Amino acid sequence: MRMRSKFKIGTIAGISVYAHWSLVVTLAGLFVWLLWQNASLLMAVDGLVLTVALFGCVILHEFGHALTARRFGIATHHITMYPIGGIALLARMPRDPRQELLIAIAGPAVNLAVAASLFVAVLVTGNRLGLALIVEDGTGRAVILSSLMYMNLALVAFNLIPAFPMDGGRVLRAVLARRLSYRTATRISSYVGQALAALFALAAVFPNPVIRDFNPILLFVAVFVFSAARAEAAHVLHSREPQTA
């Protein structure tokens, strides 16, 4: 991908962070859509602030991967943010399954730590906790701290799904690679990811007790996961460098 398709946000710990142009378009589109849905200006700003804060947490997630990889002598070329999340481009993945396991779980561990910190902040500030992903106050405005806490927990759960490109897919491969060859472990993890993607697609298209109506977002996730799982398996057949986390 050409660098002109993204712009630099900054450099942290010697690692450059970029934002793809589609992320900027998505954020602007979200703000306009909220106003189009008759949200007040304050509510639209709340939604934008919450989304930007969430992507900030995703950046921290990616630095969890990058800095853990650095401890094993593996450099990170850069981190790029997209509308669907972030990618830390590592120079390579470690040959040691234990190291890959630690690198993979470092990202979700950061989000878990952020969620714990936000929980303390919510208690200290007396913010409403609620039982929804987006917590609202009595006026319909989002409670930023509480909502962000739940979103970080959701990131942990989503990233631990055992399917590429999520961290759970790499955790599964690392566990399997302790007994099997790296390629065999990758193939099995890829098949598991594709099977889960097929289940996601079925759940998105056909009514069920959990998802009663057609869900285009889940269908998009299913296609993305299926393609990424196949791409990971194909990549390992040729080379292990560079890799994303």
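Let's start where two helices meet: H2 and H4 cross in a right-handed way. As you explore, keep in mind that this is a predicted model.

Two packed helices are described by the angle between their axes and the distance between the axes. For helix H2 (residues 41–71) and H4, the angle is about 40 degrees and the axes are 10 Å apart. Angles under 35 degrees would count as roughly parallel, so H2 is instead oblique to H4. To find this contact in the model, look on the H2 side for Asp46, Leu50, Ala53, Leu54, Cys57, Val58 and His61. Their partners on H4 are Ile144, Ser147, Leu148, Met151, Asn152, Leu155 and Asn159.

Now stay with H4 and turn to another neighbour. Helix H3 (residues 97–125) packs against helix H4 (residues 144–159) at an angle of about 160 degrees, with 8 Å between the axes. Since angles over 145 degrees count as roughly antiparallel, that is how H3 runs relative to H4. The crossing of H3 and H4 is left-handed. Many residues take part: among those in H3 are Pro108, Asn111, Leu112, Val114 and Ala115, while H4 brings residues including Leu145, Ser146, Leu148, Met149 and Asn152. Leu148 and Asn152 of H4 are worth a second look, as they also appear in the contact with H2.

H3 has a further link to follow. How many salt bridges does a search of the whole structure find? The search finds one, and it joins the side chains of Glu100 and Arg173, at 2.7 Å from N to O. Glu100 sits in helix H3 and Arg173 in helix H5 (residues 167–176), so this pair ties together parts that are 73 residues apart in sequence.

Arg173 leads us on to the next helix pair, because this residue of H5 is also part of the contact with H6. The axes of H5 and H6 come within 8 Å and cross at roughly 140 degrees, so these two helices are oblique to each other. Their crossing is right-handed. Besides Arg173, H5 supplies Gly169, Leu172 and Leu176, and these meet Tyr182, Ala185, Thr186, Ile188, Ser189 and Val192 of H6.

Finally, let's visit the surface. Leu199, Leu202, Val205, Phe206 and Phe214 make a nonpolar surface patch of about 510 Å². Where does Phe214 lie? You will find Phe214 in the loop between helix H6 (182–205) and helix H7 (216–236).

Terms used: Residues numbered from 1 in each chain as written. Predicted model: local features only at pLDDT ≥ 70, side-chain atom pairs only at ≥ 80, totals over all residues. Heavy atoms only, no water. Patch = residues over 30% accessible without salt bridge, like charges linked within 9 Å, V, L, I, M, F, W, Y side chains within 5 Å. Areas by Shrake-Rupley, 256 points an atom, 1.4 Å probe, with all protein chains shown as cover. Salt bridge = Lys/Arg side-chain N within 4 Å of Asp/Glu carboxyl O. Helix = DSSP H or I, 4+ residues; strand = E, 2+ residues; numbered from the N terminus. Axes fitted to C-alpha atoms, helices over the stretch in contact; angles between N-to-C directions. Parallel < 35°, antiparallel > 145°, perpendicular 65-115°, else oblique. Left-handed = near helix turned anticlockwise from the far one by under 90°. Contact = heavy atoms within 4.5 Å.
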